[in-house]
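Work through the exercises below with the model open. Try each task before reading its solution.

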Protein chains: 2
Amino acid sequence: MPLQDHMHLISVDDHLIEPPNVWTDRLPRKFQEQGPRIVEMDMSQNSGDEGLSALLLETARQGKAAPAAPKLAEVWTYEGRIYPNIGLNAVAGKKPQEYGMDPTRYSDMLPGCYDPVARLADMDLDGVEATMSFPSFPRFAGTVFLEGKDKELALLSVKAWNDFHLDEWAAAAPDRFIPQIILPLWDPQESAKEIYRCAAKGARAISFPENTVGLGLPSFYTDHWDPVFRAAEETKMPLNMHFGSSGKAPMTSPEAPMAVMIALFGTNSMYATTDLLFSPVFYKFPDLKVAMSEGGIGWMPYLLERIDLTWEKHRWYQNVNKEIRPSDIFRKNIFGCFIDDFEGVARRHQIGIENIMWEGDYPHSDSNWPNSRQYTEKLLQEVPDAEAHQIVELNARRLYNFPRAN
Amino acid sequence: MPLQDHMHLISVDDHLIEPPNVWTDRLPRKFQEQGPRIVEMDMSQNSGDEGLSALLLETARQGKAAPAAPKLAEVWTYEGRIYPNIGLNAVAGKKPQEYGMDPTRYSDMLPGCYDPVARLADMDLDGVEATMSFPSFPRFAGTVFLEGKDKELALLSVKAWNDFHLDEWAAAAPDRFIPQIILPLWDPQESAKEIYRCAAKGARAISFPENTVGLGLPSFYTDHWDPVFRAAEETKMPLNMHFGSSGKAPMTSPEAPMAVMIALFGTNSMYATTDLLFSPVFYKFPDLKVAMSEGGIGWMPYLLERIDLTWEKHRWYQNVNKEIRPSDIFRKNIFGCFIDDFEGVARRHQIGIENIMWEGDYPHSDSNWPNSRQYTEKLLQEVPDAEAHQIVELNARRLYNFPRAN
């Protein structure tokens with residue numbers, strides 16, 4: 001009988017919507033105008049964000065009616081740029097038939113999206129004990145601040161998000177919120193300093209891009225990221241690589257419905273896993289841990305077999321390690337999580353029982369809120385107690401150094 | 001006991017290297033100079049092909065010593081453009097330690113690469129009864145002819161390859177070679193005509209790009225390809241979509257070794273499968289069949305679960321069929337094949353026993369030649385007789401309308 005009462009669900013991938021005061025409360029007076037803040041805007045004509053949100057938004061629009069006449073929305077503005085979709089994909093509590101209409105006002109969303117106390121109530125409803133959330137407006141790995149023209153403001157804005165997450169969000173219930181941070185990615189030294197600063201304040205994980213090349217930054221094959229990886233290893237903070245954090249979305253055709261991209265997003269995690277396993281990262285930093293956030297797990301047995309076979313046949317003439325089988329590196333250094341993944345659960349021994357975690361994805365459309373616990377019970381029906389406990393709770397507590405309080 | 005003597009191995013994905021006379025024997029005199037032909041060239045300075053071959057070549061070079069001084073090679077020339085690597089990845093019979101050095105002369109290769117009689121002897125050695133081969137110089141789906149400036153020459157060149165395959169290659173042993181054709185992809189009407197012409201001559205399959213958008217052509221969501229799909233359906237010729245035939249390779253980082261791309265190539269087939277299942281193609285042409293050539297099968301259970309779930313939640317607000325579950329379409333219309341894929345074999349019932357075929361990949365580096373039969377016996381050790389027979393032989397005979405002769 002899986003999911004007995006003493007087994008807690010820990011979600012290693014949820015999302016928070018930043019409340020309007022994250023930056024206005026923390027930036028100095030001189031940056032109040034240029035720093036991120038919420039404004040009202042007629043969005044019937046406008047779509048300013050050029051990142052993944054815009055991509056999702058644009059694709060989502062296909063097959064929907066044209067937007068109606070003047071429509072006031074709450075949007076983020078940052079250095080004069082407009083970032084719409086304050087609540088991109090924040091559809092928890094809506095029926096699938098209502099998806100596709102992202103909330104444009106805080107009042108459209110469940111308060112649990114942006115208020116930690118309301119979030120706790122929503123977690124209770126859902127049977128979830130603890131949660132780790134990713135940013136929304138700054139994007140999964142805070143890459144919006146790479147666009148900042150004023151790097152002093154950008155650095156302060158990164159620190160403001162981290163301080164908000166540590167001092168306000170997670171502080172609301174330190175035994176139920178696992179705090180993670182974002183980095184000033186344009187500066188690896190500064191990023192390392194931010195890791196040490198936040199580790200001292202209790203941070204447990206770092207949101208880091210699944211691939212840095214598409215962001216205009218050096219790859220995992222260079223020495224560029226060594227200060228970051230060293231700091232992460234030393235502070236025992238895993239890197240969470242959320243799918244989509246590279247700024248790349250799996251697109252097939254201009255006319256393809258958004259369903260194609262949603263179904264294929266796990267391939268981003270396959271790319272990242274393969275890239276890392278053939279890179280020098282885990283040789284240089286053998287105790288660094290990486291989690292493929294929201295990537296699913298059902299593909300892992302196939303990919304590990306394929307990677308090992310490629311390594312068997314092709315390592316000789318390439319700049320690839322000759323000694324350690326990539327799947328052995330995987331089991332020591334890479335972790336996955338799932339929401340709905342009967343196939344991955346069925347093949348859990350091929351992946352590694354210790355490498356699998358659960359996630360809720362609140363408040364996004366993949367979430368089963370408020371039925372996560374019932375749904376997960378069904379998913380783990382055939383799994384022995386001890387394994388189910390590892391998957392839903394113990395692996396996350398160990399990886400994120402987040403022991404049970406009581 | 002799998003693979004009993006009466007079970008024949010049919011490989012649905014092998015490769016032939018065009019002998020030098022394919023086009024010179026068939027093109028009219030006025031095109032002898034501009035049409036594809038073999039020339040000797042110093043390749044120490046030059047790399048002309050801008051397609052996938054060049055991509056592979058360029059990546060393969062990383063981690064290898066710089067090429068030595070003047071090195072004469074046999075290369076294809078077509079309308080003055082140079083296409084090196086006559087035997088790209090034609091490494092059958094070499095040890096993994098020798099990979100990475102593509103043959104640059106016909107004399108570097110096994111004669112079975114370009115000579116059908118020698119191929120039969122290599123198939124006998126390998127325990128393979130029948131084979132279907134893809135082009136090499138024209139690329140998997142003949143897309144090199146999209147580059148042709150003179151479309152009269154390009155059309156004649158496509159027909160020449162098809163006539164070579166039907167009249168010379170497959171004619172050497174009609175019960176052991178399954179002939180497939182390429183299309184003049186720049187013209188759907190002309191492509192349909194070529195399908196009917198070749199069907200009448202005994203062709204059994206069509207090599208078609210896994211994605212047309214990257215080739216500068218309309219997507220599967222448009223009506224553009226209807227003449228091709230209709231002709232394929234009417235002539236009962238499946239479309240073989242070989243991974244890489246879109247001209248796109250899965251690249252992660254400029255410095256990544258080629259191993260990353262090799263390990264990830266199956267994601268191209270995941271893209272194509274998802275694209276097709278959410279497209280109108282199988283609604284318009286319900287009896288059209290598509291094979292994901294060289295794509296592997298171990299990912300299929302994961303992807304089908306993910307696609308169905310996406311369809312469950314996201315079909316309402318998008319231009320996606322509301323009635324038929326994508327995995328049901330898959331089982332009727334899409335087929336996969338494998339070389340090394342213990343994971344896929346273990347999950348064969350989740351994929352569909354009738355949707356799985358075997359391939360040898362001769363003479364490429366993924367091939368287990370000359371030990372394909374022994375290797376496949378090991379791979380199918382736990383599989384009941386009747387299922388093994390379907391996988392290695394019967395599914396291919398049914399899909400490609402290629403009944404046993406004796």
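The exercises cover the symmetry, the interface, a sheet, two helix pairs and some backbone details of this predicted model.

**Exercise 1. Symmetry**

Task: Find what turn and what shift lay chain B on chain A, and which residue of chain B comes closest to the rotation axis.

Solution:
- Step 1. Start from the general description. Two copies of a chain are related by a rotation about an axis and a shift along it.
- Step 2. Superpose the chains. A turn of 180° and a shift of 0.0 Å along the axis lay chain B on chain A, with an RMSD of 0.0 Å.
- Step 3. Read off the symmetry. The two copies are thus related as by a two-fold rotation axis.
- Step 4. Locate the axis. W299(B) comes closest to it of the residues of chain B, with its C-alpha at 2.8 Å.

**Exercise 2. The interface**

Task: Describe the side of chain B that touches chain A by helices and by residue class.

Solution:
- Step 1. Count each side. Chain A gives 59 residues to the contact, and chain B gives 59 residues.
- Step 2. Assign elements. On the side of chain B, at least two residues each come from helix 7 (258-264), helix 8 (266-277), helix 10 (300-314) and helix 12 (342-346).
- Step 3. Rank them. Helix 10 of chain B gives the most, with 10 residues.
- Step 4. Sort by class. The side of chain B that touches chain A holds 28 nonpolar, 21 polar and 10 charged residues.
- Step 5. Compare the surfaces. The copies meet through the same surface, because 100% of the interface residues of chain B are also interface residues in chain A.

**Exercise 3. A three-stranded sheet**

Task: Take the sheet with the order 2-3-4 in chain A and work out which strands stand at the edges.

Solution:
- Step 1. Recall the pairing. Strands of a sheet pair through backbone hydrogen bonds, either parallel or antiparallel.
- Step 2. Set the order. In chain A, 3 strands form an open sheet, 2-3-4, with antiparallel pairing.
- Step 3. Find the edges. Strand 2 (37-42) and strand 4 (81-83) of chain A each have a single partner strand, so one side of each is left without a neighbour in the sheet.
- Step 4. Get the twist. Neighbouring strands of this sheet are turned by 50° against each other on average, direction ignored.
- Step 5. Take one pair. Strand 3 (residues 72-78) and strand 4 of chain A pair antiparallel over 3 bridges. T77(A) stands opposite I82(A) of strand 4.
- Step 6. Turn to chain B. Here 3 bridges join strand 3 (residues 72-78) to strand 4. Y78(B) has R81(B) in strand 4 as its bridge partner.

**Exercise 4. Two helix pairs**

Task: Characterise how helix 5 packs with helix 6 in chain B, and how helix 4 packs with helix 5 in chain A.

Solution:
- Step 1. Choose the descriptors. Two packed helices are described by the angle between their axes and the distance between the axes.
- Step 2. In chain B, helix 5 (residues 188-200) and helix 6 (residues 226-234) pack at about 10°, with axes 8 Å apart. Angles under 35 degrees count as roughly parallel, so this pair is roughly parallel.
- Step 3. Add the hand. Helix 5 of chain B passes helix 6 of chain B in a right-handed crossing.
- Step 4. List contacts. Residues of helix 5 of chain B, including I195(B) and Y196(B), meet P227(B), V228(B), A231(B) and A232(B) of helix 6 of chain B. This contact has 8 nonpolar, 2 polar and no charged residues.
- Step 5. In chain A, helix 4 (residues 151-169) and helix 5 (residues 188-200) pack at about 20°, with axes 12 Å apart. They are therefore roughly parallel to each other.
- Step 6. The crossing of helix 4 of chain A with helix 5 of chain A is right-handed. L155(A), V158(A), K159(A), N162(A) and L166(A) of helix 4 make the contact with E190(A), E194(A) and C198(A) of helix 5. By class, that is 4 nonpolar, 1 polar and 3 charged residues.

**Exercise 5. Backbone details**

Task: Find where P370(A), P363(B) and E79(B) lie.

Solution:
- Step 1. Set the background. Most residues other than glycine have a negative phi, and most peptide bonds are trans.
- Step 2. The peptide bond from W369(A) to P370(A) is cis, with omega near 0°. P370(A) lies in the loop between strand 11 (356-358) and helix 14 (372-379) of chain A.
- Step 3. Y362(B) and P363(B) are joined by a cis peptide bond, with omega about 0°. P363(B) sits in the loop between strand 11 (356-358) and helix 14 (372-379) of chain B.
- Step 4. E79(B) has a positive phi, near 55°, and is not a glycine. E79(B) is in the loop between strand 3 and strand 4 of chain B.

Conventions:
Residues are numbered from 1 along each chain as its sequence is written. Chains are lettered from A and ligands numbered from 1 in the order in which they are written. This is a predicted model: local features need pLDDT of at least 70, side-chain atom pairs count only at pLDDT 80 or more; totals for chains, interfaces and linings use all residues. Two residues are in contact if their C-beta atoms, placed from the backbone, lie within 7 Å. Helices (H or I, at least four residues) and strands (E, at least two) are DSSP runs, numbered from the N terminus. Ala, Val, Leu, Ile, Met, Phe, Trp, Tyr, Cys and Pro count as nonpolar, Asp, Glu, Lys and Arg as charged, and the others, Gly among them, as polar. Two strands pair if DSSP finds at least two bridges between them. Axes are lines fitted to C-alpha atoms, for helices over the stretch in contact, and angles run from 0 to 180 degrees between N-to-C directions. Copies are superposed by least squares on the C-alpha atoms of residues with pLDDT of at least 70 in both. Angles under 35 degrees count as roughly parallel, over 145 as roughly antiparallel, 65 to 115 as roughly perpendicular and the rest as oblique. A crossing is left-handed if the near helix is turned anticlockwise from the far one by less than a right angle, and right-handed if clockwise.
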